[in-house]
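Visitor: I'm new to this structure and would like a close look at one part of it. Could you take me to the nonpolar core and then show me what lies around it?

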Amino acid sequence: RITPNRNLIDPVVAISDCAGVEMRPDSVIALGWVGFGAPGHNPCTYCPSPLSATVDIDPNNINVRSPAHDVEGHIEVPGHDPALIDLSSVRLRTIPASMEVFEVGDWNRNGIADLTVKFDREALNQILRSYYPPGLVSLTITGIIDRCSFFGDAQIRAIRPSFGYPHG
């Protein structure tokens with residue numbers, strides 16, 4: 001049911017099916033329901049499997065004993081606008097992305113827009129100390145973009161400093 005906004009003069013309503021074909025309002029009755037989405041968003045999006053994203057984690061070398069600043073994650077999902085990534089869904093392993101600090105840009109200057117988010121460094125240090133030996137570690141960033149899930153893997157080097165002296 002479409003209720004007109006009486007504050008608008010001559011409102012324009014366009015209705016499309018899931019294939020993007022515009023339909024007459026009287027033909028919508030036979031469909032049973034109408035979905036509304038944001039401009040440029042197709043509420044009929046179907047994702048048979050998760051999308052593959054290109055991700056990078058900075059810094060690339062992490063001293064797990066260092067209480068340093070946040071970790072940055074850079075996310076590119078080919079063919080998708082990174083502004084449509086649902087920030088509340090983004091995770092580095094189990095660590096949620098900061099909802100306050102993010103930026104859409106082209107971090108690696110390859111001509112493809114990406115989203116830069118921040119993750120809690122101490123939470124990552126705890127995971128690296130608990131589950132991974134020192135050396136190369138593959139970490140996954142996951143999330144949802146335009147109602148489709150995505151994932152991408154990045155490698156970092158986990159470093160645990162050792163002391164030669166004094167022993168014990």
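Guide: Here is a walk through the core, followed by some spots elsewhere in the chain.

Keep in mind that this is a predicted model. To get your bearings, the protein chain has 1 helix and 12 strands. Going along the sequence, you meet ten strands written as β-β-β-β-β-β-β-β-β-β, then α, then β-β. Of its 168 residues, 28% count as buried.

Now for the core itself. The largest nonpolar core is made of 28 residues, and Ile-75 and Val-90 have the most contacts inside it. Several elements put two or more residues into this core: the strands β4 (54-58), β6 (71-76), β10 (114-119), β11 (135-145) and β12 (148-159), along with the helix α1 (121-131).

Let's stop at Ile-75. Setting aside residues up to four places away in sequence, Ile-75 touches Ala-53, Thr-54 and Val-55, then Ile-85 and Val-90, then Asp-114, Leu-115 and Val-117, and finally Ile-141 and Phe-150. Reaching along the chain is a theme here: among contacts between residues at least 6 apart in sequence, 61% join residues at least 24 apart.

Two of the strands that feed the core are also linked by charge. Lys-118 and Glu-72 form a salt bridge through their side chains, at 3.1 Å from N to O. Lys-118 sits in strand β10 and Glu-72 in strand β6, so this pair ties together parts that are 46 residues apart in sequence. Neither partner is buried, because buried means under 20% relative accessible area: Lys-118 comes out at 24%, partly exposed, and Glu-72 at 22%, also partly exposed.

The structure has 2 salt bridges, and the other pairs Glu-122 with Arg-129, at 2.9 Å from N to O. Here too both residues are partly exposed, with Glu-122 at 33% relative accessible area and Arg-129 at 32%.

What about rings? There are 0 aromatic pairs in the structure, but Tyr-131 has a charged visitor: Arg-93 lies over the face of its ring, 4.9 Å from the ring centre. Arg-93 belongs to the loop between β7 (91-92) and β8 (95-96), and with a relative accessible area of 36% Arg-93 is partly exposed. The backbone of Arg-93 is worth a glance as well, since its phi is near 60 degrees, a positive value in a residue that isn't glycine. Most residues other than glycine have a negative phi.

Arg-109 also has a positive phi, about 55 degrees, without being a glycine. You'll find Arg-109 in the loop between β9 (102-105) and β10, where Arg-109 is exposed, with a relative accessible area of 76%.

One more backbone detail follows strand β4. Asp-58 and Pro-59 are joined by a cis peptide bond, with omega at about 5 degrees, and Pro-59 lies in the loop between β4 and β5 (61-63). Most peptide bonds are trans.

Finally, look at Ile-159 in strand β12. Leaving out neighbours within four places in sequence, Ile-159 is in contact with Asn-61, Ile-62, Asn-63 and Val-64. Its C-alpha atom is separated by 5.4 Å from that of Pro-134, although the two are 25 residues apart along the chain. Ile-159 is partly exposed, at 35% relative accessible area.

Stepping back to the outside, the protein chain exposes about 11200 Å², with carbon and sulfur atoms supplying 54% of that area.

Notes
Residues numbered from 1 in each chain as written. Predicted model: local features only at pLDDT ≥ 70, side-chain atom pairs only at ≥ 80, totals over all residues. Heavy atoms only, no water. Core = buried A, V, L, I, M, F, W, Y, C linked by side-chain atoms within 4.5 Å. Buried < 20%, exposed > 50% of the residue type's maximum accessible area, 1.4 Å probe, protein only. Helix = DSSP H or I, 4+ residues; strand = E, 2+ residues; numbered from the N terminus. Contact = heavy atoms within 4.5 Å. Phe/Tyr/Trp six-rings, centres within 6.5 Å; stacked < 30°, edge-to-face > 60°. Lys NZ or Arg CZ within 6 Å of the ring centre and 35° of its normal. Salt bridge = Lys/Arg side-chain N within 4 Å of Asp/Glu carboxyl O. Areas by Shrake-Rupley, 256 points an atom, 1.4 Å probe, with all protein chains shown as cover.
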